[in-house]
Amino acid sequence: MEMPDINCTYKPAPVQCNGFDPRAFRWALTMRLAVEEINRSNDLLPNHTLGYKIFDSCAYPLTGQRAALAILNGPGEAGSPLCSGAGPLLAVIGESGSAQSIVVSRILQPFRIPMISYFSSCACLGDRKEFPTFFRVIPSDDYQVKAIAQLLQHFNWTWVGVVRGDHEYGRFALLGLLKELEGTGVCVAYQEMIPLLYNSERALEIIRVMNSSSARVVVVFSAEGELTPFLKDYMALNVTGIQWIASEAWVTSSVFTGSEYYPYLGGTIGFGIRQGQIPALSGYLDTVDPWQYPTNQLVHELWETLYGCSADSRDDGGGGLFPVCTGQETLNEQHSAYMNTSSPRISYNVYKGVYAVAHSLHNLMLCEKGRGPFTNSSCADLDNIYPWQLQHYLQEVSFTIAGEVVNFDDKGDSIPSYDLINWQRGHGGNIEFINVGLFDGAQEAGKELLIEDNMITWVGHRSQVLVSVCSDSCPPGFRKAVRAGEPICCFDCVPCDSGKISNETDSIDCMACPEDFWSNIGGTHCIPKEIEFLSHDAMGITLTVIAVVGACLTISVLAVFLYHRSTPVVRVNNSELSFFILLSLTLCFLCALIFIGEPTAWSCMLRHTAFSITFSLCISCILGKTLVVLAAFTATRPGNNIMKWLGPKQQRVIIFSCTLVQVIICAAWLISAPPYPNRNTQYQRSKIILECSVGSDLAFWCVLGYIGLLACLCFVLAFLARKLPGNFNEAKYITFSMLIFCAVWLAFIPAYVSSPGKFTVAVEIFAILASSFGLLLCLFAPKCYIILIKPEKNTKNHLMGKEK
């Protein structure tokens with residue numbers, strides 16, 4: 001049973017590799033160590049020995065293809081030993097790069113040979129239709145991009161750039177990240193690609209884009225091969241202040257640990273493969289030297305790369321010879337990571353991959369006849385095992401190594417788990433990889449990422465996280481308004497409209513306040529709306545004082561008239577009607593008080609009915625008086641006997657009848673649709689106006705119309721009698737009083753309709769008080785003037801204009 005690796009050396013095929021990679025050779029030695037451990041084990045595959053062959057793909061798809069053909073056909077690429085029968089090859093451990101794995105896996109598919117990769121993370125390889133025999137012990141990039149998306153959100157980096165390599169790994173990683181960022185509020189400012197055939201001019205263009213962009217965070221999906229010359233150009237331009245987010249392909253690469261990289265890459269953060277423990281690896285690597293393996297060409301190349309010397313005189317490839325090793329040479333700094341086995345990551349994946357094959361073979365051999373997974377419940381023939389039979393057991397395998405459970409899901413992927421790595425300054429100024437968190441895909445949604453923020457060192461050796469946004473956050477009280485033609489991360493902050501709030505930073509929209517609430521000045525909280533009604537504030541107190549003064553003044557006039565009731569001025573003006581007018585005017589002044597205060601069901605019904613009935617009573621009395629005055633002067637004509645129809649009883653009937661009509665209108669109003677208290681939130685949305693709704697607009701205007709009708713009738717009759725003889729022309733005063741009354745109420749209508757809130761009620765009170773004062777002054781001021789100031793004119797002859 002042979003299990004070749006596709007990432008070490010392939011000498012038979014004429015392929016020129018780009019130098020010797022000590023790290024890749026360490027992976028090959030890790031595979032060899034695992035095979036030797038399994039062969040020595042008494043519990044795993046007892047009495048069986050694993051064999052292996054190691055080939056080199058040189059990290060290129062084309063050479064990987066040739067190496068795969070060499071696996072299948074032998075070094076000479078001739079013949080087809082695997083086209084019939086089971087053959088010795090059961091599984092392949094490899095490849096490192098996703099592009100190589102795609103090529104190799106497709107070559108192996110017709111032979112149904114399972115392949116376990118330790119470093120190919122492209123999400124595309126999880127497609128079981130395209131790659132039915134592919135497995136891997138490294139998480140798929142589907143999980144890596146999910147982890148990176150959560151990392152960006154955790155640090156509120158909403159404006160980032162992406163740089164990727166020109167290969168399937170970079171392309172699928174970018175597509176996966178863009179998909180993962182949908183709906184998260186994170187936007188990609190730019191997408192740049194490092195060409196596969198490196199071009200310094202193109203690299204400089206990418207660096208200029210990175211440096212000029214307002215996005216200070218850059219996510220890089222690249223292998224260290226194409227990234228190394230790119231970073232050299234980046235450092236040559238002395239660009240700093242960019243926060244690098246590294247993919248697992250280079251986040252633990254020892255190539256960039258030199259002190260010269262720290263000013264530019266210090267603070268880099270990214271998700272790396274979970275480290276494990278291989279206790280025997282360090283001692284095993286120490287045993288590998290040219291003297292222990294004098295015929296192994298790879299070991300000689302390793303030694304020449306690590307120490308720059310050779311066990312014997314060998315060509316250095318440049319026309320010279322390597323110096324002979326003395327044993328006193330120091331390890332080359334750029335390759336020192338070869339001997340660092342304190343935290344194996346990729347090597348640990350290789351280790352797990354070999355053990356996965358061993359455990360699968362072990363389970364295959366434990367199959368009981370008649371209870372197997374194959375046709376007719378059969379088991380595999382141990383002398384003639386097919387690769388597809390091993391694949392079945394690989395899909396079902398589950399074992400524990402170094403405390404970690406290893407198994408594969410339906411796509412051939414392992415449990416997604418990453419270490420969060422931060423590049424910090426170490427001893428001598430070199431970069432050290434420090435674990436500052438982890439991502440465990442087995443946890444429930446939202447709890448996969450764990451970060452120890454206080455352990456992180458950021459770019460520029462700062463302790464504060466870098467800000468990378470297209471637009472500054474919108475504070476509470478504002479909402480985000482996306483700029484036309486730009487990503488959603490680029491926005492303007494617009495204040496919330498009145499009545500709406502946002503109580504969080506970066507609110508997308510403002511929330512409307514409940515009906516009884518309104519926004520505060522800052523637009524951050526809903527506060528109870530101001531309740532407005534005509535209360536006992538300055539305006540209410542002023543109107544109250546005026547109403548009380550008017551009532552007191554009217555009562556004072558009444559008292560004067562009562563005291564001087566036997567005088568000609570009082571008697572000639574029909575004292576009884578005058579008393580009725582004064583009493584009704586007193587009620588008119590007092591009814592204004594009902595309009596002040598918080599509206600209630602009773603006050604709303606009372607204020608309109610009391611006002612309408614008292615004014616109807618007042619105008620009815622004035623109408624009766626007008627008729628009496630008009631009849632008194634016309635009765636002096638011969639043959640005119642009209643006064644007998646306007647005696648005291650008839651006057652009372654007129655007053656009662658006219659007032660009764662208004663009472664009937666009010667009663668019908670109260671029965672059908674009475675006034676009621678209303679909370680008006682529409683007129684002024686920031687306030688709740690407590691008002692009395694009239695209930696029936698028709699009834700309200702009927703009430704006012706009836707009062708207006710009585711006033712107009714009085715005005716017409718008084719106007720007809722305005723030229724009657726006498727020094728004290730009562731008809732003239734009634735004319736003026738009705739003129740003022742009608743003018744006030746005609747002006748009241750538009751003012752009432754257009755006045756907001758409590759001013760509506762104030763306008764109505766003002767109309768009541770103004771018209772009441774107009775009647776009081778026009779009708780009774782001249783009489784009081786004669787009674788109190790000019791008593792000598794309080795004679796019948798003077799009043800009748802008969803004085804000489």
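# A guided tour of the model

Glu95 sits in the loop between strand 1 (92-93) and helix 3 (98-108). Keep that residue in mind; the tour returns to it shortly. Note before going on that this is a predicted model.

**The whole protein**

Show everything as a cartoon. The protein has 21 helices and 22 strands. Its chain holds 804 residues, and 50% of them count as buried. Now switch on the surface. About 36,800 Å² is exposed, and carbon and sulfur atoms supply 57% of that area. Contacts are worth a look too. Among those with a separation of 6 or more, 68% join residues 24 or more positions apart.

**Stop 1: Gly94 and Glu95**

Select Gly94 and Glu95 together. What kind of peptide bond joins Gly94 and Glu95? The bond is cis, with omega at about 0°. For orientation, strand 1 (92-93) and helix 3 (98-108) flank the loop that holds Glu95.

**Stop 2: two asparagines**

Go to Asn47. Look in the loop between helix 1 (22-40) and helix 2 (61-73). Phi of Asn47 is near 65°, a positive value in a residue other than glycine. Is Asn47 buried or exposed? Asn47 counts as exposed, because its relative accessibility is 82%.

Next, select Asn156. This residue lies in the loop between helix 4 (141-154) and strand 4 (159-165). Asn156 is not a glycine, yet its phi is positive, at about 60°. With a relative accessible area of 56%, Asn156 is exposed.

**Stop 3: Lys352**

Move to helix 11 (residues 346-365) and pick out Lys352. Is this lysine, Lys352, buried or exposed? Its relative accessibility is 6%, so Lys352 counts as buried. The cut-off for buried is under 20%. Now display what Lys352 touches. Leaving out residues up to four places away in sequence, the list is Val137, Phe399, Ile401, Glu404 and Val406.

**Stop 4: Met455**

Select Met455, in the loop between strand 13 (449-451) and strand 14 (478-482). Met455 counts as partly exposed because its relative accessibility is 34%. Which residues is Met455 in contact with, leaving aside neighbours within four places in sequence? They are Asn422, Gln424, Ile434, Asn435 and Val436. Draw a distance from Met455 to Gln424. It should read 9.9 Å from C-alpha to C-alpha, for a pair 31 residues apart in sequence.

**Stop 5: helix 17 and helix 18**

Color helix 17 and helix 18 (residues 697-720). Their axes come within 9 Å and cross at roughly 170°. Helix 17 is therefore roughly antiparallel to helix 18. Show the side chains where they meet. From helix 17 come Cys658, Val661, Gln662, Ile665, Cys666 and Trp669. From helix 18 come Ala699, Phe700, Cys702, Val703, Tyr706, Ile707 and Leu710.

**Stop 6: a patch on the surface**

Stay with helix 17 (residues 648-672) and select Leu660. Leu660 counts as partly exposed, because its relative accessibility is 35%. Which residues form a nonpolar patch on the surface with Leu660? Add Phe656, Val663 and Ile664 to the selection. Together the four have about 360 Å² of accessible area. The tour ends here.

Notes
Residues numbered from 1 in each chain as written. Predicted model: local features only at pLDDT ≥ 70, side-chain atom pairs only at ≥ 80, totals over all residues. Heavy atoms only, no water. Patch = residues over 30% accessible without salt bridge, like charges linked within 9 Å, V, L, I, M, F, W, Y side chains within 5 Å. Areas by Shrake-Rupley, 256 points an atom, 1.4 Å probe, with all protein chains shown as cover. Salt bridge = Lys/Arg side-chain N within 4 Å of Asp/Glu carboxyl O. Helix = DSSP H or I, 4+ residues; strand = E, 2+ residues; numbered from the N terminus. Buried < 20%, exposed > 50% of the residue type's maximum accessible area, 1.4 Å probe, protein only. Contact = heavy atoms within 4.5 Å. Axes fitted to C-alpha atoms, helices over the stretch in contact; angles between N-to-C directions. Parallel < 35°, antiparallel > 145°, perpendicular 65-115°, else oblique.
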